[in-house]
Amino acid sequence: MKVYLTAVGILVLVATVQCTEHKCLQGRDHKKAPSEEHSMKECTVYSNSSCCYSNFTEQLVSPVKKVDNTQWDLCQKLSTGCEAFMKKVECFYQCSPSAVNWMNPNYTAGLLHVPLCVSFCNNWFDACKNDLTCAKNWITDFKWDENGNNHCSGDCVPFNKMYSNGTDLCQSMWGQTFMVTDSDCRCLRMDGRDEMVLQYILYKDSSSSSSSSSSSSSASSQETSCQQALRRLEAPEAEPEGEESVVLKKE
């Protein structure tokens with residue numbers, strides 16, 4: 001798949017997006033390939049191309065107690081704000097057709113180093129700071145019984161005691177699943193904005209023979225174009241009349 005970045009009809013960039021299409025992670029609840037789901041109770045941002053079935057999202061209807069075998073409310077019912085962020089993460093893992101781009105090569109049902117925006121992580125931390133948890137790493141730190149259900153192995157403490165900040169939360173709760181970046185054009189926020197930003201995250205210069213200086217120039221140009229596109233996406237009313245627009249086209 002090629003991406004063309006144009007400004008008022010002038011071709012300024014040709015790139016190749018290295019992404020894995022029409023595949024999903026190989027988890028128990030994942031489809032083999034993404035498809036439409038129009039009866040989703042949650043995760044509707046992925047309804048047009050979903051790696052999860054609609055019935056999976058019934059587990060995420062508030063108040064969420066348990067997702068598969070993982071109990072969310074071992075210490076207490078999660079606050080509405082905290083639960084909302086937990087849902088975003090679960091929806092991305094289970095339903096996003098883009099998640100497969102970060103498939104863990106050693107565990108094809110899992111993710112490795114998905115880039116999250118530091119702002120997303122800080123907001124997640126702020127929403128959950130007064131909620132309670134008894135595990136820092138929700139993959140390894142629980143006790144699991146013979147039925148595969150999780151139990152506390154330590155005391156329940158507030159999130160702001162378990163994690164030092166948003167970065168610690170994002171990079172600890174699900175092991176090596178996520179990493180944090182402060183570049184708005186190289187990170188996800190688990191919302192509709194991600195579809196546009198993904199084109200920059202996954203972009204790689206199609207010219208393998210380009211010099212390091214030209215590659216650096218290309219990367220800088222991409223960053224500038226992305227920042228312009230983000231400003232238009234998030235504040236369209238502020239765009240001056242007559243300003244050239246940035247359009248992404250695929251073929």
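Colleague: Why does serine 172 count as buried?

Modeller: This is a predicted model, and in it serine 172 has a relative accessibility of 14%. Buried means under 20%, so serine 172 counts as buried.

Colleague: Where is serine 172, and which residues is serine 172 in contact with, leaving aside its neighbours within four places in sequence?

Modeller: Serine 172 is in helix α4, which covers residues 166–172. With those neighbours within four places left aside, serine 172 is in contact with Lys136, Asn137 and Tyr163.

Colleague: Thanks! Now for glycine 148: why is glycine 148 called partly exposed?

Modeller: The relative accessibility of glycine 148 is 24%. Buried means under 20% and exposed means over 50%, so glycine 148 falls in between and counts as partly exposed. Glycine 148 sits in the loop between β11 (143–144) and β12 (150–151). Its C-alpha is 8.4 Å from that of threonine 70, although the two are 78 residues apart in sequence.

Colleague: Let's turn to helices. What makes α1 and α2 oblique to each other?

Modeller: The axes of α1 (residues 80–95) and α2 (residues 118–128) cross at roughly 140°. Roughly antiparallel needs an angle over 145 degrees, and roughly perpendicular runs from 65 to 115. The crossing angle fits neither class, and α1 and α2 are therefore oblique to each other. Their axes come within 7 Å, and α1 passes α2 in a left-handed crossing.

Colleague: Which residues make that contact, and how do they divide into nonpolar, polar and charged?

Modeller: From α1 come Gly81, Cys82, Phe85, Met86, Lys88 and Val89, and from α2 come Phe120, Asn123, Trp124, Ala127 and Cys128. They divide into 8 nonpolar, 2 polar and 1 charged.

Colleague: How do you know that leucine 230 is buried?

Modeller: Leucine 230 has a relative accessibility of 4%. The cut-off for buried is under 20%, so leucine 230 counts as buried. Leucine 230 belongs to helix α6, residues 212–234. Not counting residues up to four places away in sequence, leucine 230 touches Asp184, Cys185, Arg193, Met196 and Val197. Of these, aspartate 184 is 46 residues away in sequence, with a C-alpha to C-alpha separation of 8.6 Å.

Colleague: What makes helix α5 mostly covered?

Modeller: In α5 (residues 194–201), 7 of the 8 residues are buried. They are Asp194, Met196, Val197, Leu198, Gln199, Tyr200 and Ile201. Met196 and Val197 also appear among the residues that leucine 230 touches.

Colleague: And how do you know that both faces of strand β9 are covered?

Modeller: Look at the two sides of β9 (residues 114–117) in turn. Val114 and Leu116 lie on one side, Pro115 and Cys117 lie on the other, and all are buried. In a regular strand the side chains alternate between the two faces of the sheet. As for its partner, β9 pairs with β14 (residues 178–181) in the parallel sense over 4 bridges. Proline 115 has methionine 179 as its bridge partner in β14.

Colleague: What is notable about the phi of cysteine 43, and why is cysteine 43 called buried?

Modeller: Phi of cysteine 43 is near 60°, a positive value in a residue other than glycine. Its relative accessible area is 6%, and with buried meaning under 20%, cysteine 43 is buried. Cysteine 43 lies in the loop between β3 (30–35) and β4.

Colleague: Why does methionine 190 count as buried?

Modeller: Its relative accessibility is 3%; set against the limit of under 20%, methionine 190 counts as buried. Methionine 190 also has a positive phi of about 60° although it is not a glycine. Its place is the loop between β14 and α5.

Colleague: How do you know that valine 64 is buried?

Modeller: The relative accessible area of valine 64 is 4%. That is under 20%, so valine 64 is buried. Valine 64 lies in the loop between β4 and β5. Leaving aside neighbours within four places in sequence, valine 64 is in contact with Gln59, Trp72, Glu83 and Lys87. The C-alpha atoms of valine 64 and glutamate 83 are separated by 7.5 Å. Proline 63 is found in the loop between β4 and β5 too, and the peptide bond leading to proline 63 from serine 62 is cis, with omega near -5°.

Technical notes
Residues are numbered from 1 along each chain as its sequence is written. This is a predicted model: local features need pLDDT of at least 70, side-chain atom pairs count only at pLDDT 80 or more; totals for chains, interfaces and linings use all residues. Side-chain values use heavy atoms; hydrogens and water are left out. Axes are lines fitted to C-alpha atoms, for helices over the stretch in contact, and angles run from 0 to 180 degrees between N-to-C directions. Angles under 35 degrees count as roughly parallel, over 145 as roughly antiparallel, 65 to 115 as roughly perpendicular and the rest as oblique. A crossing is left-handed if the near helix is turned anticlockwise from the far one by less than a right angle, and right-handed if clockwise. Contact means heavy atoms within 4.5 Å. Ala, Val, Leu, Ile, Met, Phe, Trp, Tyr, Cys and Pro count as nonpolar, Asp, Glu, Lys and Arg as charged, and the others, Gly among them, as polar. Buried means under 20% relative accessible area, exposed over 50%, partly exposed in between (1.4 Å probe, protein chains only). Two strands pair if DSSP finds at least two bridges between them.
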